[in-house]
Amino acid sequence: MDFEDTPELAEFRREVRAWLDANAERRSDALYMGMEGEQAYREAKQWYLDKARAGFASLTWPKEYGGAGLTALHEVVWTQEVANYRTRDGYFVIGIGNCGPAIMHFADEDARRELLPRMASAEDVWCQLFSEPSAGSDVAGLRTRAERDGDNWIVNGQKIWTSGAQYSDYGVVLTRTDPDVSKYAGLTMFMIDMRQEGVEVRPIKQADGGQHFNEVFFNDAVIPDNYRLGEVGGGWSGALAVLMSERLAISGIQPTGFPQFLGMVRSLQLDGEPVAQDPLVRERLATWYSQYAGLQAANKRMITAVAKGGFAGAEASLGKLVGAVMNQEIANFSCQLFGQAGIVQDEQLSPERAHFQGSVLSSPSVRLAGGTDEVMRNIIAEQVLGMPQEPRADKGMAFKDIPTGPEPG
Amino acid sequence: MNFEFSEEQQFIRDQARNFLSQECTTAVVRGVLESDAACDRDLWGKIVELGWTAMAIPEEHGGLGLGYLELCVIAEELGRALAPVPFSSSVYLATEAIVRFGSADQRAHYLPRLAAGELIGALAHAEGPGEAVNLQVLDNRLSGSKWPVPDGDVADIAVVSARDAQGELRLYIADLNHDGVRRNTLHSMDPSRSQARIDFDAAVVAPLGDAGERELDALLDGAAVLLAFEQVGGSQAAMDSGLEYTKQRYAFGRPVASFQALKHKFADMFVAIELARSNAYYGAWALSSDAPDLPLAAATARVSASDAYYLVSKENLQAHGGMGFTWEFDCHLYYRRAQLLSSQVGSQRRWKDLVATRLLQAA
């Protein structure tokens, strides 16, 4: 066991730090940088462009695709250092973390060289279009149709929960190309130009009042066949690879709420006493810290495995599951701590600029997005622990014959 | 960065696992559980022969001079096998205390004997419920009761915490086979390991170097990391047994392991074990490199491992259904051991408070 940087990594860390000092503001608090709004988007675009010009974008991608051709360990160093600054790093993680690997794996060389560098620098913004109103955790139950028309495919249907669709130039979309075979066999994955007539993006007003996600409607949208990713009917295996990339990508940046909780416990006084001396608070602090520290150490073990040539498998689901649950519990506990004032969500009046009230309302989404808690548990049980799948009522049926309930909503 | 045990350390782990899977089956554990024996002397003898008691003792005192990482991989295997031997008391606590804090004479006297298994050591610290130490040593003589003392009835010597004439907490060494020491075995939740009450009546003790409260805390921190590995090993073994059982058992025409109610239960066990294992690894690194954040890392590893073993041992029993509550099935062995290990060197009350204190002190 050895946590010291190699001389090469130490040098890289110095370079990163010097560049960050010159290009970003150091942060003194742990407040979560919200992802919403036009201004956040513009700041993020500029940040990605700046870091691409400095050679710090998509560190592990090959240079010819706009990356830096470095290792996963360089990426770790970057992530550790950038966390100390107020930046929009991580804003485009869905496009770059999910769509990027799909393009790298399935697109032809010309497309890779054309599209990936512009994705890395966020000159082109990408979104992922998998989920549908009638296909939640059963992603493969999706109904958006793509039908061949000469050299093109014509797409009709609806996607939902698409992060950043309103800003996106391109998307990676999973469609049904054959309803007469089983639901898994009839899927095909494409790139799609989002800036066309047949694509309509409508924001979803969320339960917490925000508008981060969208619905996307396809009305005779057109996809040229050379935008196809993989074989016709081979979309499911590609989609699985993308979803696993997503869990890996977000396991490092998704909120746990713990740094904010620690910050609050360090500073807040209630009734003239530091909350840090409250036994109830201390018990929770110790329990959540042991989970938070465990996640960080688990991440180090995963990185060690990757650095040794292995790959992070379904274990990545663990980070998402633990972080998402903790995030909600911390928010609720903190508001309960504030007494009757806990209900007030006012940046001027509420402790930590009302972070915890906002988090109570937004935290359910973290437990749902990118695979629900329940899906994470199924993945761990089936893929890590080898427990058998539930019997499926739709097994062996053609997609068109699978029973469905009423349309949701 | 490299956050994995070396190939040599993994080799030691494989050897230990092979040895224990043959020599320390659950039948062996039950041999102690179901009898009046305080430990399995045969198994202990074989462990001494393998050199495990000598591992972390310097070569000049008859040891192997290996580090804590080697001890961590052994600890995980002892925990997995539910080994009914006084290893943690003798090695992580008594031997460690003497290696780290003993005078030159004490090291020369005790360490070769501990390495060779001629002596078994223990730590006599608790004085009933709670954390306070009130026993006092006056004129090198100790009076009063310590309980529970893990492995206190098989130990030959004990490192004892007590107050000196000025009321300062100090560590002492006591010979338990001398006059003035009376020992009674206590009934406990896990009789596969022994717990004793030791009554000292003007028993002669010697100060252990000049070790005081700080040294005791450091000793308990190191033991916490090693015990966390035992807890992780036991948790993993319990979960594995539950997985094997639920994959084979059928109900409603299908393996019970295919029901989501059980899959989600096992996923939660896996998560708890992975967090505990990762924290234990970090603790092992901090211990082996004497990192500045060792106190926080050790307490964190301890809290995480105690939570994990409790969760896994109870849910494994639950997943076995009614059979899990029979004496015949092994579920209760893990459930009992989880209770034992989470009490040794102090319970969650102590360690959670330490996590909070140390975390809030950290920059």
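These are my notebook entries on a predicted model with chains A and B, taken one topic at a time.

**Entry 1: where the chains meet**

I began with the contact between the chains, and I found that 38 residues of chain B and 38 residues of chain A take part in it. On the side of chain B that touches chain A, I listed the elements that each supply at least two residues, and these are α7 (213-248), β9 (254-255), α8 (260-288), α9 (294-319) and α11 (348-361). I then asked myself which element of chain B gives the largest share of that side. It is α8(B), from which 17 residues come. Sorting the residues of the side of chain B that touches chain A by class, I noted 22 nonpolar, nine polar and seven charged.

**Entry 2: a helix pair across the contact**

Since α8(B) had come up already, I looked at how it packs against helix α11 of chain A, residues 373-384, and I noted an angle of about 85° with the axes 8 Å apart. Angles of 65 to 115 degrees count as roughly perpendicular, and so α11(A) is roughly perpendicular to α8(B). From α11(A) I wrote down E374(A), R377(A), N378(A), I380(A), A381(A) and V384(A), which meet Q260(B), K263(B), H264(B), F266(B), A267(B) and F270(B) of α8(B). The contact of α11(A) with α8(B) is made up of six nonpolar, three polar and three charged residues.

**Entry 3: two helix pairs inside chain B**

Next I turned to pairs within chain B, starting with helix α1 (residues 7-23) and helix α4 (residues 68-80), whose axes come within 9 Å and cross at roughly 30°. Because angles under 35 degrees count as roughly parallel, α1(B) is described as roughly parallel to α4(B). The crossing of α1(B) and α4(B) is right-handed. On the α1(B) side the contact is made by Q9(B), I12(B), R13(B), A16(B), R17(B) and L20(B), and on the α4(B) side by L69(B), E70(B), V73(B), I74(B), E76(B) and E77(B). I counted this contact of α1(B) with α4(B) by class as six nonpolar, one polar and five charged residues.

The second pair joins helix α5 (residues 87-101) of chain B to α7(B), packed at an angle of about 145° with the axes 10 Å apart. The crossing of α5(B) and α7(B) is right-handed. Here S88(B), Y92(B), L93(B), E96(B), A97(B) and F101(B) of α5(B) meet E215(B), L219(B), G222(B), A223(B), L226(B), L227(B) and E230(B) of α7(B). By class I noted eight nonpolar, two polar and three charged residues in the contact of α5(B) with α7(B).

**Entry 4: a covered helix of chain B**

I then checked helix α10 of chain B, residues 331-341, which is mostly covered, with nine of its 11 residues buried. Among those buried residues I wrote down Y334(B), Y335(B), R336(B) and R337(B). The buried residues of α10(B) pack against α2 (26-33), α7 and α9 of chain B.

**Entry 5: single residues of chain B**

Going along the backbone of chain B, I came to the peptide bond from W147(B) to P148(B), which is cis, with omega near -5°. P148(B) has its place in strand β3, residues 141-150, of chain B.

I also looked up Q136(B), which is found in strand β2 (residues 136-138) of chain B. With 15 C-beta neighbours inside 10 Å, Q136(B) counts as partly exposed. Its contacts, leaving aside neighbours within four places in sequence, are with A162(B) and R163(B). The C-alpha atoms of Q136(B) and L50(B) are separated by 39 Å, and the two residues are 86 residues apart along the chain.

**Entry 6: chain A**

For chain A, I noted a division into domain 1 (7-91), domain 2 (126-235) and domain 3 (254-371), with the C-alpha centres of domain 1 and domain 2 lying 30 Å apart.

Two residues of chain A drew my attention for their backbone angles. D271(A) is not a glycine, yet it has a positive phi of about 55°, and its place is in the loop between β11 (269-270) and β12 (273-274) of chain A. E352(A), also not a glycine, has a positive phi of about 50° and lies in the loop between α9 (316-337) and α10 (355-368) of chain A.

Is D271(A) buried or exposed? D271(A) counts as exposed, because it has 7 C-beta neighbours inside 10 Å. E352(A), by contrast, has 20 C-beta neighbours inside 10 Å and therefore counts as buried.

Methods
Residues are numbered from 1 along each chain as its sequence is written. Chains are lettered from A and ligands numbered from 1 in the order in which they are written. This is a predicted model: local features need pLDDT of at least 70, side-chain atom pairs count only at pLDDT 80 or more; totals for chains, interfaces and linings use all residues. Two residues are in contact if their C-beta atoms, placed from the backbone, lie within 7 Å. Helices (H or I, at least four residues) and strands (E, at least two) are DSSP runs, numbered from the N terminus. Ala, Val, Leu, Ile, Met, Phe, Trp, Tyr, Cys and Pro count as nonpolar, Asp, Glu, Lys and Arg as charged, and the others, Gly among them, as polar. Domain bounds come from an automatic or database domain assignment. Axes are lines fitted to C-alpha atoms, for helices over the stretch in contact, and angles run from 0 to 180 degrees between N-to-C directions. A crossing is left-handed if the near helix is turned anticlockwise from the far one by less than a right angle, and right-handed if clockwise. Angles under 35 degrees count as roughly parallel, over 145 as roughly antiparallel, 65 to 115 as roughly perpendicular and the rest as oblique. A residue is buried if 20 or more other C-beta atoms lie within 10 Å of its own, exposed if 12 or fewer, and partly exposed in between; C-beta atoms are placed from the backbone.
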